[in-house]
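Dear colleague,

I am handing over the structure below, and after it you will find a summary of what was found. Please read the two together.

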Amino acid sequence: MTVNDDVLLVHGGTPLEGEIRVRGAKNLVPKAMVAALLGSEPSRLRNVPDIRDVRVVRGLLQLHGVTVRPGEEPGELVLDPTRVESANVADIDAHAGSSRIPILFCGPLLHRLGHAFIPGLGGCDIGGRPIDFHFDVLRQFGATIEKRADGQYLEAPQRLRGTKIRLPYPSVGATEQVLLTAVLAEGVTELSNAAVEPEIEDLICVLQKMGAIIAMDTDRTIRITGVDKLGGYDHRALADRLEAASWASAALATNGNIYVRGAQQRSMMTFLNTYRKVGGAFRIDDEGIRFWHPGGQLKSIALETDVHPGFQTDWQQPLVVALTQATGLSIIHETVYESRLGFTSALNQMGAHIQLYRECLGGSDCRFGQRNFLHSAVVSGPTRLQGADLVIPDLRGGFSYLIAALAAEGTSRVHGIELINRGYENFMEKLVELGAKVELPGKALG
Ligand SMILES: CC(=O)N[C@H]1[C@@H](OP(=O)(O)OP(=O)(O)OC[C@H]2O[C@@H](n3ccc(=O)[nH]c3=O)[C@H](O)[C@@H]2O)O[C@H](CO)[C@@H](O)[C@@H]1O
Ligand SMILES: C=C(OP(=O)(O)O)C(=O)O
């Protein structure tokens with residue numbers, strides 16, 4: 001089924017039950033696709049989900065002369081970068097505002113072509129999301145950067161050189177920027193205060209398969225010894241732990257029971273601990289994880305989002321919906337993005353009691369304390385939710401609204417559902433498989 005309409009009618013009150021599958025991670029797959037640009041041979045990426053961020057990167061790679069075709073198995077892509085030098089890059093502006101991934105083309109294009117043009121970035125509107133760390137590190141490697149009206153133009157007057165970098169904050173994107181640039185730079189790069197998310201480790205695995213030399217210390221330090229040439233890779237992307245947690249939260253909020261095939265314990269340990277503290281049940285096997293509401297009352301908790309191995313910020317929004325059903329006061333302190341709690345006002349319209357605060361509540365001080373950002377929340381529950389008219393604000397906020405609408409009494413109209421396709425593969429089919437009562441006005445589902 002192709003989804004064109006942008007409004008979904010959700011009739012709430014039915015527990016989600018059944019099985020769905022998650023495939024490769026949204027936060028790894030597009031980056032592994034960019035890594036293919038560094039190679040002198042074709043690469044093979046398996047477990048690729050059909051989501052918009054993958055389609056955007058595929059389009060950008062093709063624009064730069066990379067041939068991208070389906071492989072033998074479903075969800076396999078073969079990426080051939082051997083004709084990048086002869087590509088005629090036109091219409092790159094069409095990709096402006098599409099996702100956050102174009103910024104990661106900088107290093108690979110500078111190595112291959114000596115220059116790069118990066119259109120304006122997209123991604124979720126959950127904070128200012130500056131890219132200053134990216135440009136600071138690229139300058140340290142020897143790149144020059146010129147801001148133009150429609151994007152950024154970069155040049156490498158000579159081969160980029162390895163360098164010693166300390167990130168002001170363990171940014172995922174800036175860490176990936178360093179990795180994708182340092183692998184072909186001359187000499188050694190030492191990156192400290194690096195992000196160490198599982199998707200970054202998987203990207204390092206991809207790069208190592210291509211011939212890179214990368215050592216990860218236990219103290220957020222990554223050492224990369226530049227090499228002259230990289231080959232291709234054959235890699236199965238790690239599973240999407242963010243999507244898996246979203247479905248786990250949906251099971252909890254709707255009194256449901258969902259087996260998430262593909263979910264992996266290792267990358268979800270922090271989420272699983274929190275899920276258990278809230279009162280959710282789960283059982284892990286070799287193929288996936290079953291999540292369910294075991295009956296009785298859910299418990300309120302104090303939760304702080306953080307960089308890995310802390311509680312991942314992208315898990316926060318869906319879990320907040322489940323916390324509206326927990327007894328007592330839950331405290332959420334969002335320390336990664338300054339504006340990721342705005343989605344709660346619509347939950348309040350549905351009957352939730354969520355109060356936002358500028359202070360750092362629930363433990364430590366973060367970068368956003370005393371800076372006028374509503375980045376802490378107190379959720380008081382349990383509350384009955386009522387169906388409402390909802391407009392999707394961002395990817396995880398959007399999925400959270402779906403969960404709230406499914407948990408609510410009555411019917412909700414959820415506008416802007418196309419945004420969810422950016423990171424959730426076939427989410428409508430999955431909802432129908434799980435027994436959700438959803439309708440696209442004028443269309444049959446399921
Ligand atoms: C496509 C992708 O993988 N997106 C993920 C990635 O986003 P992304 O890579 O954009 O997130 P970062 O880790 O870079 O951002 C974390 C924090 O650092 C700040 N910052 C970042 C870069 C910079 O140059 N300057 C700066 O100040 C950001 O504003 C934010 O407050 O990691 C986030 C944190 O796990 C996740 O929520 C996103 O799902
Ligand atoms: C914030 C997210 O993604 P992006 O960085 O692509 O906007 C997310 O996946 O929740």
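**Ligand 2 and the two domains**

The shell around ligand 2 draws at least three residues from each of domain 1 (7-22 + 239-439) and domain 2 (29-236), with the bounds coming from an automatic or database domain assignment. This is a predicted model, in which local features need pLDDT of at least 70 and side-chain atom pairs count only at pLDDT 80 or more, whereas totals for chains, interfaces and linings use all residues. Residues are numbered from 1 along each chain as its sequence is written, chains are lettered from A and ligands numbered from 1 in the order in which they are written, and side-chain values use heavy atoms, with hydrogens and water left out.

The C-alpha centres of domain 1 and domain 2 lie 30 Å apart. Their contact (heavy atoms within 4.5 Å) takes 22 residues from domain 1 and 19 residues from domain 2.

Around ligand 2, counting a residue as near if one of its heavy atoms lies within 4 Å, are Lys26, Arg100, Gly123, Cys124, Ile126, Arg129, Asp314, Arg340, Leu395, Arg396 and Arg422. That shell divides into three nonpolar, one polar and seven charged residues, where Ala, Val, Leu, Ile, Met, Phe, Trp, Tyr, Cys and Pro count as nonpolar, Asp, Glu, Lys and Arg as charged, and the others, Gly among them, as polar.

For polar contacts with the ligands (a pair of N or O atoms within 3.5 Å), an oxygen atom of ligand 2 is 2.7 Å from a polar backbone atom of Cys124. On the side-chain side, an oxygen atom of ligand 2 lies 3.2 Å from an N or O atom of Asp314, and an oxygen atom of ligand 2 lies 2.7 Å from an N or O atom of Arg396. Taken alone, ligand 2 exposes 300 Å², of which the protein buries 92%; accessible areas come from the Shrake-Rupley method with a 1.4 Å probe.

**Ligand 1**

Ligand 1 is surrounded by 21 residues, the closest being Lys31, Ser171, Val172, Asp314 and Val336. Asp314 places a polar side-chain atom 2.6 Å from an oxygen atom of ligand 1, and Tyr337 places a polar side-chain atom 3.0 Å from an oxygen atom of ligand 1. An N or O atom in the side chain of Arg367 is 3.3 Å from an oxygen atom of ligand 1. Of the 740 Å² of accessible area that ligand 1 has on its own, the protein covers 90%.

With best regards

Key:
A polar contact is a pair of N or O atoms within 3.5 Å; within protein, one must be able to donate a hydrogen and the other to accept it, and residues adjacent in sequence count only if both atoms are side-chain atoms.
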